[in-house]
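User: I should like to learn how to read burial, packing, strand pairing and a ligand shell from a model. Please take the features one at a time.

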Amino acid sequence: MRRATVLESASGVGTPRKDRAGPRDIPTLGAVVLTPVSNARRALTTAAKLRNVFEIRPYPEFSWSISRQRLLRDCPRAYYYRYYLSHNGWLREAPQQAKLAYRLSKLTGLDAIFGQEMDVRAREIEAKVRMDEPLPSAAELEERTRRTLRDAWRSSKEERLAFETKPKDHTMLRSFYVEGCPPSAAETDRLNQKLDACHKHLLAADHWVRLRGCGREGGLLIPAFAHFFLDEVTAFAAGDMAYVHEGVAYLIDWKSGRPSADDELQVTLAAHCLREGEPSLDQLPVRAALHYLLTGEEKQVTVPDDLRAFCADAVSTGVKEMRSFLLDVESNAPLDAGEFPRKESGLCQSCNFTQLCKGGVS
Ligand code: SF4
């Protein structure tokens with residue numbers, strides 16, 4: 001039997017939980033007001049969030065994240081579609097190209113959903129050990145992840161219209177939407193192999209031994225939009241789990257895919273973000289680690305003594321590169337689409353924006 005059908009035989013209804021939204025997600029909307037771009041961006045944004053008010057701006061607010069920087073380096077045109085053309089694409093009166101870019105930006109893949117689910121499983125395990133309760137088996141954890149993947153499969157197959165109407169509220173796998181067919185057998189085979197290995201390695205992590213019976217003690221909250229500021233720029237950098245145990249702060253990034261070149265930078269920035277949000281950690285040593293769940297490898301990352309300067313340097317380099325594509329830095333108005341070169345590579349195969357890229361933008 002083709003393994004794809006294991007996922008295809010959906011049971012239950014729903015879409016994957018996104019317990020921790022990334023910087024790409026738009027906050028929950030309350031009342032909508034029209035305002036011009038303001039100089040006091042940070043203060044206004046904070047005030048707006050407090051009032052649960054979402055401001056409609058002609059251009060998005062500028063921010064930095066490692067995924068944003070990676071996309072710019074991979075393909076400036078895809079970066080333009082994702083961070084500029086899609087802006088305000090959720091509005092009924094938005095231009096068709098913006099609506100399309102917004103919709104395409106919400107497409108996802110099985111690997112991405114799987115990664116989110118592993119974060120959720122880790123938080124479930126942490127809650128159990130802190131309450132000193134028995135842990136679920138790897139098979140039980142795996143079944144929860146499979147359920148979400150099946151839901152995503154079913155939703156992608158059956159809810160195309162609903163996705164087109166409200167892209168943010170419905171899960172849509174890229175292959176169903178762009179290619180009109182399920183993910184390939186190679187993709188689902190690879191995922192099936194990851195499912196078994198990753199859940200077993202997650203359960204075997206030594207953090208759970210350390211945390212058992214701790215109750216709430218030493219728990220550190222990582223906010224949904226964990227960030228720090230570099231001058232006036234918001235830099236997003238969230239780790240997956242953090243706690244303090246016997247005078248040491250631990251920061252963990254779970255990785256369900258293969259190692260990538262900027263993994264260490266990512267967890268180092270997250271360590272800085274954690275310290276900025278928790279001044280009491282200033283005096284504690286931070287032990288940052290990458291956990292590659294596929295192989296079970298735990299890689300310790302040395303946090304530099306001059307962490308703040310190191311992170312400022314890393315982020316400012318990326319910010320400079322991003323700003324070279326702006327017409328106006330203050331309003332974050334981008335250059336014309338044509339100034340964002342297409343960078344064709346093997347990544348085009350999994351790019352969400354092929355439809356726009358082939359058709360061009362007006
Ligand atoms: S399809 Fe390729 S060239 Fe076009 S936007 Fe995507 S990554 Fe860039």
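User: Which residues in helix 6 are buried?

Analyst: Burial is judged by counting neighbours: a residue is buried if 20 or more other C-beta atoms lie within 10 Å of its own. In this predicted model, the buried residues of helix 6 are Leu-110, Ile-113, Phe-114, Gln-116, Glu-117, Met-118, Arg-121, Ala-122 and Ile-125. Across the protein chain, buried residues make up 32% of the 362 residues.

User: What do the buried residues of helix 6 pack against?

Analyst: Their partners include three helices and two strands: helix 7 (138-158), helix 10 (185-203), helix 11 (207-211), strand 7 (241-245) and strand 8 (248-255). Helix 7 has buried residues of its own, among them Leu-141, Thr-145, Leu-149, Trp-153 and Arg-154.

User: How is the length of a helix to be read, and what follows helix 6?

Analyst: The span from the first C-alpha to the last is set against the expected one. Helix 6 (residues 110-130) has 21 residues and reaches 30 Å, close to the 30 Å expected at 1.5 Å a residue. Helix 7 also has 21 residues, and its reach of 30 Å is close to the expected 30 Å. After helix 6 comes Asp-132, which has a positive phi, near 60°.

User: Which residues touch the most other members of the largest nonpolar core?

Analyst: A core is read as a network of buried nonpolar residues, in which some members have the most contacts. Here the core has 69 residues, and those touching the most other members are Tyr-79, Ala-101, Ala-237, Leu-251, Ala-270 and Cys-273. Helix 4 (residues 76-85) contributes the most to this core, with seven residues. Ala-270 illustrates the contacts: beyond its neighbours within four places in sequence, Ala-270 is in contact with Ala-237, Ala-238, Gly-239, Leu-251 and Asp-253.

User: Why does His-227 count as partly exposed?

Analyst: The answer lies in the neighbour count. His-227 has 19 C-beta neighbours inside 10 Å, and therefore counts as partly exposed, since burial requires 20 or more. His-227 belongs to strand 5 (residues 227-230). Not counting residues up to four places away in sequence, His-227 touches Thr-234, Ala-235, Phe-236, Ala-237 and Cys-273. Leu-269 is 42 residues from His-227 in sequence, yet their C-alpha atoms are 9.4 Å apart.

User: What is the strand order of the open sheet, and which strands stand at its edges?

Analyst: A sheet is read from its strand order and the sense of each pairing. The five strands of this open sheet have the order 4-7-8-9-10, with mixed pairing. Strand 4 (219-220) and strand 10 (297-301) are at the edges; each has a single partner strand, so one side of each lacks a neighbour in the sheet. Strand 8 runs parallel to strand 9 (residues 286-292), joined by seven bridges, and Ala-249 has Val-286 as its bridge partner in strand 9. Strand 9 and strand 10, by contrast, pair in the antiparallel sense over five bridges. One example is Ala-288, with Val-301 as its bridge partner in strand 10. Their hairpin has four residues between the strands, and Gly-296 takes a positive phi near 85° there.

User: Which residues surround the ligand, and how do they divide by character?

Analyst: A ligand shell is read by membership and then by residue class. Cys-75, Arg-77, Ala-78, Arg-342, Lys-343, Glu-344, Leu-347, Cys-348, Cys-351, Phe-353, Thr-354 and Cys-357 surround the ligand. Seven residues of the shell are nonpolar, one is polar and four are charged. Helix 4 and helix 14 (354-359) each supply at least two shell residues.

Definitions and conventions
Residues are numbered from 1 along each chain as its sequence is written. This is a predicted model: local features need pLDDT of at least 70, side-chain atom pairs count only at pLDDT 80 or more; totals for chains, interfaces and linings use all residues. A nonpolar core is a set of buried Ala, Val, Leu, Ile, Met, Phe, Trp, Tyr and Cys residues joined through C-beta atoms within 7 Å. A residue is buried if 20 or more other C-beta atoms lie within 10 Å of its own, exposed if 12 or fewer, and partly exposed in between; C-beta atoms are placed from the backbone. Two residues are in contact if their C-beta atoms, placed from the backbone, lie within 7 Å. The expected span of a helix is 1.5 Å times one less than its number of residues. A residue is near a molecule or strand if its C-beta atom, placed from the backbone, lies within 6 Å of it. Ala, Val, Leu, Ile, Met, Phe, Trp, Tyr, Cys and Pro count as nonpolar, Asp, Glu, Lys and Arg as charged, and the others, Gly among them, as polar. Two strands pair if DSSP finds at least two bridges between them.
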